[in-house]
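Biologist: Please take me through one part of this model closely. I would like to hear about the salt bridges and what lies around them.

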Amino acid sequence: MLGCVAQAGGVALSDCQLRRGIETKTWAEAVTAGWIADLAYGWSDTVHGYVIYAPASQCVLEAWKAYWVLPRVDGLTLIAPAGAAAPKSLLILNDYEVSR
């Protein structure tokens, strides 16, 4: 689960990067490398239910909302692009364990 605590605006997952250890990849590169599934879930106030973003690159993280993504490896950190939101909005997938 991840969230965007920015006061306003949105952050597209396609504009984010993922870091694992010392290696950093774009969202698309991380999907290709098998780090994360290209799928996200979020709540929609419009349809009053959950929506699926497939590919996840179509998902725009809105302020103060939560989203679910599927990491396929441990220790990922999701990094919003510079200037996209306040510094507190660093999005972290911290030591998520995945069974295969």
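Modeller: Start with Asp 45 and Lys 65, whose side chains meet in a salt bridge at 2.8 Å, N to O. Asp 45 sits in the loop between β5 and β6, and Lys 65 sits in strand β8 (residues 65–71), so the pair ties together parts that are 20 residues apart in sequence. Keep in mind that this is a predicted model.

How exposed are the two partners? Asp 45 has 46% relative accessibility, so Asp 45 counts as partly exposed. Lys 65 has 22% and is also classed as partly exposed. The cut-off matters for Lys 65, because buried means under 20%.

Lys 65 has a second partner. Its side chain also meets that of Glu 62 in a salt bridge, here at 3.8 Å, N to O. A salt bridge needs the nitrogen within 4 Å of the carboxyl oxygen, so the 3.8 Å contact counts. Glu 62 is partly exposed, at 39% relative accessibility. Asp 45, Glu 62 and Lys 65 are thus linked in a network of salt bridges.

The count for the structure comes to three salt bridges. One of them joins the side chains of Lys 25 and Glu 23, at 2.9 Å, N to O. Here the two partners fall into separate classes: Lys 25 is buried, with a relative accessible area of 17%, whereas Glu 23 is partly exposed, with 41%. Lys 25 has another contact. Lys 25 lies over the face of Trp 35, at 5.3 Å from the ring centre.

Now to the rings. The structure holds three aromatic pairs. In one of them, the ring centres of Trp 43 and Tyr 50 are 5.1 Å apart and the planes stand at 85 degrees, so this pair is edge-to-face. Trp 43, Tyr 50 and Trp 68 are linked by ring pairs into a cluster. Trp 43 is partly exposed, at 38% relative accessibility. Tyr 50 lies in strand β6. Its relative accessible area is 54%, so Tyr 50 counts as exposed.

The cluster residues turn up again at the surface. Tyr 41, Trp 43, Tyr 50, Ile 52 and Trp 68 make a nonpolar surface patch of about 540 Å². Strands β5 (36–44) and β6 (49–53) each supply at least two residues of this patch. The loop between β5 and β6 is where Asp 45 lies.

For a contrast with that surface, look at strand β9 (residues 76–79). Both faces of β9 are covered. Leu 76 and Leu 78 are buried on one side, and Thr 77 and Ile 79 are buried on the other. Strand β3 (residues 17–20) pairs with β9 in the antiparallel sense, over four bridges. Within this pairing, Arg 19 stands opposite Thr 77.

Just beyond the strand comes Ala 80, in the loop between β9 and β10 (91–93). Ala 80 has 16% relative accessibility and counts as buried. Its C-alpha is 7.1 Å from that of Asp 15, although Ala 80 and Asp 15 are 65 residues apart in sequence.

To return to your request: Lys 65 meets both Asp 45 and Glu 62, and these three residues form the salt-bridge network.

Notes
Residues numbered from 1 in each chain as written. Predicted model: local features only at pLDDT ≥ 70, side-chain atom pairs only at ≥ 80, totals over all residues. Heavy atoms only, no water. Phe/Tyr/Trp six-rings, centres within 6.5 Å; stacked < 30°, edge-to-face > 60°. Buried < 20%, exposed > 50% of the residue type's maximum accessible area, 1.4 Å probe, protein only. Lys NZ or Arg CZ within 6 Å of the ring centre and 35° of its normal. Pairing = 2+ DSSP bridges. Patch = residues over 30% accessible without salt bridge, like charges linked within 9 Å, V, L, I, M, F, W, Y side chains within 5 Å. Areas by Shrake-Rupley, 256 points an atom, 1.4 Å probe, with all protein chains shown as cover.
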